[in-house]
Each structure stands twice: as C-alpha cells, then as structure tokens.
Amino acid sequence: MSEPFPLEPSLWAATAPAAVPTPPLLESVTTDVCIVGAGYAGLSTALHLAERGIKAVVLEAKEPGFGGSGRNGGQVIPGLKFDPDELETMFGKERGPRLVDFVGRTADVVWELIDKHGMDVPNTRNGWIQSAISNAAVGPIESRAAQWQKRGAPVQVLDRRETAQHVGHEQYVASWIDRRGGVVQPLAYARGLAKAAIAAGAAVHGDTQATALERKGSQWIVTTARGATVTADRVVLATNGYTGDLWPHLRQTIIAANSFQVATKPLSDNVRKSILPGGQSTSDSRRIGLYYRLDHTGRFLLGGRGTMREPRRAEDWAHIETMMEKMFPQLKGAGIDFRWGGRVALTRDHLPHLHEPAPGLLIDIGCMGRGVALQSAMGRAMATYIASGDPLALPIPPSKVSPLPFHGLNKLYFQAFVTWYRFLDRRDADAA
Ligand SMILES: Cc1cc2nc3c(=O)[nH]c(=O)nc-3n(C[C@H](O)[C@H](O)[C@H](O)COP(=O)(O)OP(=O)(O)OC[C@H]3O[C@@H](n4cnc5c(N)ncnc54)[C@H](O)[C@@H]3O)c2cc1C
C-alpha cells in the first residue's frame, strides 16, 4: 500500500485545537482490549469501554484522527446509503427495525459526546441537505424523506425554489433536509474523543503501528513496529480505509478510494451569505457525489471523488475546483487555501461490515464514506457488545471476511465506473 497523503495540508489540521499528547508505546503491556486505529470507531470504542471500567489500549500508526476521521467533510449524517424500508427488508423482523433505529440516532451520539465531554469542536446542528441534480433523483429523495417522516424523524422535502433558497444556486430540481444532521470540525472532534477516552482511563498511543496479530492460548498478542507488544483478551480492528495486512484478506474486502477536498480563503460577508445561508451542508445526488459547506472560519469547502492514487499536484483537484466555480460563479477568484484528501472504504454491498473471524477479535470496516455519525455510534455499540456479550448490541451481525475476487482488478473497474458515472451525471444534470 502506498504511503497515505499527509494530514497537514488540510484545513482541519490548520484550524483544530492542539492534540492531547499520545506518546508511542515503548514497553509491552497487558490490557483487557487492544484497539488498532484511532479514528472515531477506535476512539469511541475505547472511551465507552473505559467508562465501563474495561481497560483499553489504542494503537495508532500516526496520530488520532490521521485517517478519514481527521480529513472528512465534517458532515454529520444519520442513516446509511439504504433507506429504512430497504434495511428492514434486508435485515428481517428482529434486526431490521433495530438497525433503522440505530442509524436514525447516530447523529445524536455525536452531539451527546461533544456535550457530555465539553469538547472544543466548532459545530452547527442545522440539518443536512441532499439535493437532486435530475428529475430521476426526485422520486427516491421523496420516498426517503417519507420513510423517515413515518418514523418520526424531523425531515422535510424542499421544492426547487426552497432548495435554491437553502443552497444558494438554482441547479437542483428538489432536495430533502434532515434536521438530525449538521456539521463538525472533524479533526477537532477526533481529538476531543481522544482526550475524553484518555480522561476516562484508556491509553492512546500515537506513532505506534501494529505490525502483527497473533492468538496465543486464550489471549491476543499485538506486536508493534518498535517491538513492544500488547497482550489482550480481545482485539478490535478499526483501521477502515487505512487497513493493511494485519488480518489475512481483510484489505481485499474493501476498495480504499480517495475523496478529495478543497477550501477557499475566508470569503467576504456578502459572498458568504449567498451560499447555504442556514449553515447546512449539502451532498448531491450525483453518482459521483459532491458535498460542500461553509466552515466556522467562513471558508467554502467542497469535496468529491479523487484519483485512485494519492494526489501529487494541484491539478489532481482541478475537477472539483471547476465544479465549484460552475455552481457558484461568485467563488471565481476566491483563491484556494487548502487541498487535501483521504481514503474511504467502499464495500461491494454498500453496507458497513463487522467481522468476528476468531474468538475475541472484532473488526469494523467499510463505512462507505459516511462515518462521522456511524462510527461514533458503532464504537459505543462495540463497547456494549464487548461488555455484555449480547449479539444484539451490534447493529449488524458479524459476517465472514470475504475478499473481493480479483481485488487488484477491482480498482481498475472502479476507475472505469467513476469515468462512466461522471459522464452519466453530466448528462442528467444537463437534462434537468
Ligand atoms: C475526504 C473524506 C471526506 C469524508 N466526508 C465525510 C463526511 O462529510 N461525513 C461522513 O459521515 N463521513 C465522511 N467521510 C468518511 C469518514 O471520514 C470515515 O467514515 C470515518 O472517519 C472512518 O472512521 P474510522 O474510525 O472507521 O477510520 P479512520 O478514521 O480512517 O481511522 C483508521 C485509523 O487506523 C490507523 N491504522 C491503520 N492501520 C494501522 C496499524 N496497523 N496500526 C495502527 N494504526 C493503524 C490509521 O492511521 C487511521 O488513523 C469522509 C472521508 C474522507 C476521506
């Protein structure tokens, strides 16, 4: 796997509060649970375990929030890519409604944690808007909103005029607003979780890559790059799009695709007021979707799919900068302050996956680019499962580690699909 794109060029690294110290692990230790990966999933698991008096040691190759958790768009979006009715059909009478209830509350978990632990996280909870770029996308959006409304969620369909008022341009046919959602400064939130986990009693070690995982008797031994080991009753792998070869074939169960983002220089008041004046974020219905919002420093930021390889030069972001100026001509000449990107873990069935391939080993992977809310809640659920042993504490049942056939080729197919989908998106948008 190539070296991941660094965190520093991001808007979030430039504007987050300082990180709590997370010194590397230099001496071998014994604990109840060893967690690999300090993103939202790993840190939330550690925090909730520690709050229950269960000893947790987190190993992070770089620093907390180095992965998707410190680089994302900061959109806190409840739900999964599937609609509630679909989830109930897919997961059956017992699991289905529980899963819908779980995913409907994931955004609540983020604000509960921010409030409970007094985290220094710039955030706004004014809703998330999903906009239809074509007439064909309106039906699914209306159905999605109706299904959530039926379950009591504060959501609403916006017509073309209302969408234009909310978003600030007239290219969408309609949209729905989900008022459970909102925005956070994602790295500040990851750092807030790390601080809360440490305060609750968990140990978090940065600059500590786990290099091997081995079962010895009833225990797990996790070896790290400097040689120190963690002996634990249980292990949680929470490495998501940054998964390496710790567990056989795990990396081949996902496509680690890049999402790229840009942020402008701080905008003038007039321009700022003309874009998403209600403070929401938007994702649009394109197959290769765009997402954008303003941040707490008055910058406009926009993200979309990137190249499969790590970005190298400014031209790698040119396609999303062109889209930005096409949607909001007032941003021409605004100047780009930050360009960055990160990896999202895509699964073949478009669902997040949990695996339990050996006793005491739990794996959480594949959040399909929508993990701020999901992984915060998943960490809490994994901690409950570990503490209680109740399989229903996990929102989805663990499945077999099932690698994508011809994984290397899948990346090529994926790139071909991206090109084809971009063409279809342009065609649909022109026809709307
Ligand atoms: C550019 C971008 C934009 C996104 N926008 C949004 C958005 O707006 N809203 C949303 O909900 N989601 C968004 N996502 C997705 C979201 O960021 C992720 O779903 C979420 O952060 C995943 O959290 P995680 O804890 O599972 O994994 P990560 O945050 O990716 O953490 C995995 C960690 O594991 C560490 N690691 C890997 N291997 C090892 C090892 N061997 N030893 C030790 N540590 C290891 C990595 O260094 C990394 O820090 C976006 C993602 C990206 C990349």
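**Charges, rings and a ligand**

Trainee: How do you know that Lys62 lies over the face of Phe66?

Mentor: Lys62 is 5.7 Å from the ring centre of Phe66. A charge sits over a ring if NZ of Lys or CZ of Arg is within 6 Å of the ring centre and within 35 degrees of the ring normal, so 5.7 Å passes the distance part. Arg180 does likewise over the face of Trp148, at 4.1 Å from the ring centre. Keep in mind that this is a predicted model, where local features need pLDDT of at least 70 and side-chain atom pairs count only at pLDDT 80 or more, while totals for chains, interfaces and linings use all residues. Residues are numbered from 1 along each chain as its sequence is written, and side-chain values use heavy atoms, with hydrogens and water left out.

Trainee: Why is the pair of Trp220 and Trp247 called edge-to-face?

Mentor: The structure holds 10 aromatic pairs. In this one, the centres are 6.1 Å apart and the planes meet at 65 degrees. Rings of Phe, Tyr and Trp (its six-membered ring) pair if their centres lie within 6.5 Å; under 30 degrees is stacked, over 60 is edge-to-face and the rest is tilted. So 6.1 Å makes a pair, and 65 degrees makes it edge-to-face.

Trainee: What does that pair tie together?

Mentor: Trp220 lies in strand S11 (residues 219-224) and Trp247 in the loop between strand S12 (229-237) and S13, so the pair joins parts 27 residues apart in sequence. Strands here are DSSP runs of E, at least two residues long, and helices are runs of H or I, at least four, numbered from the N terminus.

Trainee: Are Trp220 and Trp247 buried or exposed?

Mentor: Buried means under 20% relative accessible area, exposed over 50%, and partly exposed in between (1.4 Å probe, protein chains only). Trp220 has 2%, so it is buried. Trp247 has 18%, so it is buried too.

Trainee: What makes Ser69 a polar contact of the ligand?

Mentor: A side-chain N or O atom of Ser69 is 2.5 Å from a ligand oxygen. A polar contact is a pair of N or O atoms within 3.5 Å, so this one qualifies. Asn72 passes as well: a polar side-chain atom lies 3.2 Å from a ligand oxygen. Ala210 uses a backbone N or O atom, 2.9 Å from a ligand nitrogen. Taken alone the ligand exposes 1000 Å², and the protein buries 97% of that (Shrake-Rupley method, 1.4 Å probe).

Trainee: Which element gives the most to the shell around the ligand?

Mentor: S17 does, with three residues.

Notes
Polar contact = N/O pair within 3.5 Å; in protein donor to acceptor, adjacent residues only side chain to side chain.
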